[in-house]
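Here are my notes on this one, jotted down while going through the model. Have it open beside you as you read.

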Amino acid sequence: MSKRVLTSLLLLTVLLLGLGVSLVSAQDEVTITWRTRPDNQAEIDVYTALSTSIDERLDGVTLEYQAGGTETAGYQATLLTELSAGTAPDIFWIPGTDVATFASEGVIANLAEIAAADADFDVNAFYSQQVQELTYNPDEMMSDAATALWGLPRDASSFALYYNVDLFEEAGIPTPTELLEQGNWTWETFLETTVAIGELGDDVFGFGMNAWWANWWLFFNSAGGSYFNADRTACALNTPEVNTALNFMVELWGTGETVPFGTDAEPPFIAGNLGMFMNGRWATPNTAAQATFNWDYAEVPAGPAGQSNWLFWGAYVVNANSMMDPAKADAIWAVLKELTSVEAQSQVTALGANIPSRAGQDAIDAFFASPVSEGKNNAAFTNALANYAVAEAPLWGANFQEIDAIVSAEVTKVINGEITPDDFTASICDQVDPLFGGM
């Protein structure tokens with residue numbers, strides 16, 4: 001064999017080997033799909049950027065981000081349908097209230113084993129209330145060691161009142177923050193403020209909030225009422241306190257100075273036509289990007305039982321079917337840790353969408369340093385979390401979405417004047433209680 005032929009064969013062999021390596025690398029590349037429920041386009045941009053940055057950091061993993069629907073229960077229902085059909089993403093965010101439903105349906109993976117095998121992972125880096133709910137195992141209620149891990153906390157938040165400073169100046173009235181400092185930020189002054197702002201014009205509203213459960217449930221808690229009993233095994237919506245809250249909401253919407261209940265209140269706020277808009281930290285990116293007026297945050301008013309708020313949280317959970325492939329399982333766990341890492345949470349916090357779910361002063365400092373809300377009253381959120389927030393919790397004894405579909409419809413009827421608060425409290429638990437024990 002001539003040297004020329006031998007050289008050609010060697011070069012061909014090297015080329016083929018090189019192609020072989022490339023093919024193996026391509027085959028080893030794992031695609032992971034993940035989804036959140038963004039509130040608006042600005043938040044979609046936040047998570048798209050996060051997905052790109054993690055994709056660049058992780059070798060052998062391609063991330064594909066999916067933006068889910070808006071803040072309604074339809075997002076969760078769609079996921080459950082896709083999980084049943086085998087078309088759901090590998091990782092997806094769900095509200096803390098829905099962890100029990102998804103776990104009880106057997107559609108999300110218990111990550112306790114893979115987490116325990118990872119020496120670099122410490123679940124106690126997150127807020128203890130979140131960890132308590134995510135490590136709850138309904139089959140082993142008493143255990144010295146956590147036998148479940150249904151996901152990792154993505155974030156924390158509370159409600160705040162986003163308010164239009166310009167409208168308050170035009171009306172010549174104190175802001176909610178000023179009233180709070182005077183010790184006079186109550187339902188009564190909140191109602192007066194709503195009317196004063198609304199009277200600025202036919203196209204101006206004093207207050208608006210969206211119609212999902214946390215908004216009106218906050219009024220129940222502020223009146224000293226609740227949705228469920230203490231251990232969340234039965235309805236507690238038939239109390240005088242709940243009746244008081246409903247009567248106040250009827251009076252508030254009866255002023256005609258509120259955004260109609262069931263209508264998205266964010267667009268009129270962004271347009272500058274709404275004085276106060278109750279929402280979580282997730283509404284900040286869109287507000288900062290689009291509002292052309294002077295705005296700020298304020299704490300919510302106190303009801304008969306004082307101020308109340310929520311420790312909102314959600315978790316990244318994993319499609320149980322996706323964990324069946326060991327190679328993919330390792331990649332999913334790696335992505336999950338990245339999504340909830342200090343770096344990722346700092347990146348999201350800097351963009352303004354939420355508060356980190358990791359405990360510690362570093363996380364709070366990162367939150368206050370967010371350039372999106374520089375100069376704003378960011379303490380409206382952290383004061384609530386530290387002093388009077390109630391953590392949202394999964395409902396293990398029933399399907400929360402089924403219950404909430406009933407209750408939300410009845411609350412809407414009350415606020416819209418179709419039934420009275422007395423009608424609601426007299427009948428609602430008869431509708432809800434039969435749904436317990438069916439999971």
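Is arginine 232 buried, partly exposed or exposed? Keep in mind that this is a predicted model.

1. Arginine 232. To settle that opening question: arginine 232 comes out as partly exposed, because its relative accessible area is 27%, which falls between the 20% limit for buried and the 50% limit for exposed. You'll find arginine 232 in the loop between α10 and α11. Its backbone deserves a look too, since phi is near 60°, a positive value in a residue other than glycine. As background, most residues other than glycine have a negative phi.

2. Helix α11. Following the chain on from that loop brings us to helix α11, residues 240-254. With 15 residues, α11 reaches 21 Å from its first C-alpha to its last, close to the 21 Å expected at 1.5 Å a residue. Its buried residues are Val242, Asn243, Ala245, Leu246, Phe248, Met249, Leu252 and Trp253. What covers them includes α9 (187-198), β6, α10 (213-222), α18 (400-415) and α19. After α11 comes glycine 256, which has a positive phi, near 75°.

3. The open sheet. Four strands make up an open sheet in the order β6-β7-β5-β8, and the pairing is mixed. The edge strands are β6 and β8 (295-298), each of which pairs on one side only. From one strand to the next the twist averages 25°.

4. Where the pairing is parallel. Strand β6 (residues 205-209) and strand β7 (residues 274-280) pair in the parallel sense, over four bridges. If you want a spot to check, phenylalanine 205 has leucine 274 in β7 as its bridge partner. β6 is an edge strand, yet it is mostly covered, with four of its five residues buried.

5. Strand β5. Here the pairing is antiparallel on both counts: five bridges go to β7 and four to β8. Tyrosine 162 is a handy marker, with phenylalanine 277 as its bridge partner in β7 and tyrosine 297 standing opposite in β8. How enclosed is β5, and how many of its six residues are buried? Six of the six are, so the strand is largely enclosed by the rest of the structure. Both faces are covered: Phe159, Leu161 and Tyr163 are buried on one side, and Ala160, Tyr162 and Asn164 on the other. Helix α17 (residues 379-387) lies across β5 (159-164), β7 and β8, running at about 155° to β5.

6. Strand β4. Strand β4 (residues 152-157) is also largely enclosed by the rest of the structure, because six of its six residues are buried. Its pairing with strand β9 (residues 309-318) is antiparallel, over five bridges, and alanine 156 stands opposite tryptophan 313 in β9. β4 also pairs with strand β10 (residues 355-356) in the antiparallel sense, over two bridges. There, aspartate 155 has proline 356 as its bridge partner.

7. Helices α2 and α15. Helix α2 (residues 41-57) has 17 residues and reaches 25 Å from its first C-alpha to its last, close to the 24 Å expected at 1.5 Å a residue. Buried in α2 are Ala42, Glu43, Val46, Tyr47, Leu50, Ser51, Ser53 and Ile54. As a reminder, residues three or four places apart in an α-helix point the same way, because there are 3.6 residues a turn. α2 packs with helix α15 (residues 342-351) at an angle of about 150°, their axes 10 Å apart. The two helices are therefore roughly antiparallel to each other, and their crossing is right-handed. At the interface, Val46, Tyr47, Ala49, Leu50 and Ser53 in α2 meet Ala344, Gln347, Val348 and Leu351 in α15.

8. Glutamine 431. One last residue to click on is glutamine 431, in helix α19 (residues 421-432). Is glutamine 431 buried, partly exposed or exposed? It is partly exposed, with a relative accessible area of 31%. Leaving aside neighbours within four places in sequence, glutamine 431 is in contact with Ile406 and Glu410. Glutamine 431 and valine 407 are 24 residues apart in sequence and 8.7 Å apart in space, C-alpha to C-alpha.

Note on methods: Residues numbered from 1 in each chain as written. Predicted model: local features only at pLDDT ≥ 70, side-chain atom pairs only at ≥ 80, totals over all residues. Heavy atoms only, no water. Buried < 20%, exposed > 50% of the residue type's maximum accessible area, 1.4 Å probe, protein only. Pairing = 2+ DSSP bridges. Expected span 1.5 Å × (residues − 1). Axes fitted to C-alpha atoms, helices over the stretch in contact; angles between N-to-C directions. Contact = heavy atoms within 4.5 Å. Parallel < 35°, antiparallel > 145°, perpendicular 65-115°, else oblique. Left-handed = near helix turned anticlockwise from the far one by under 90°.
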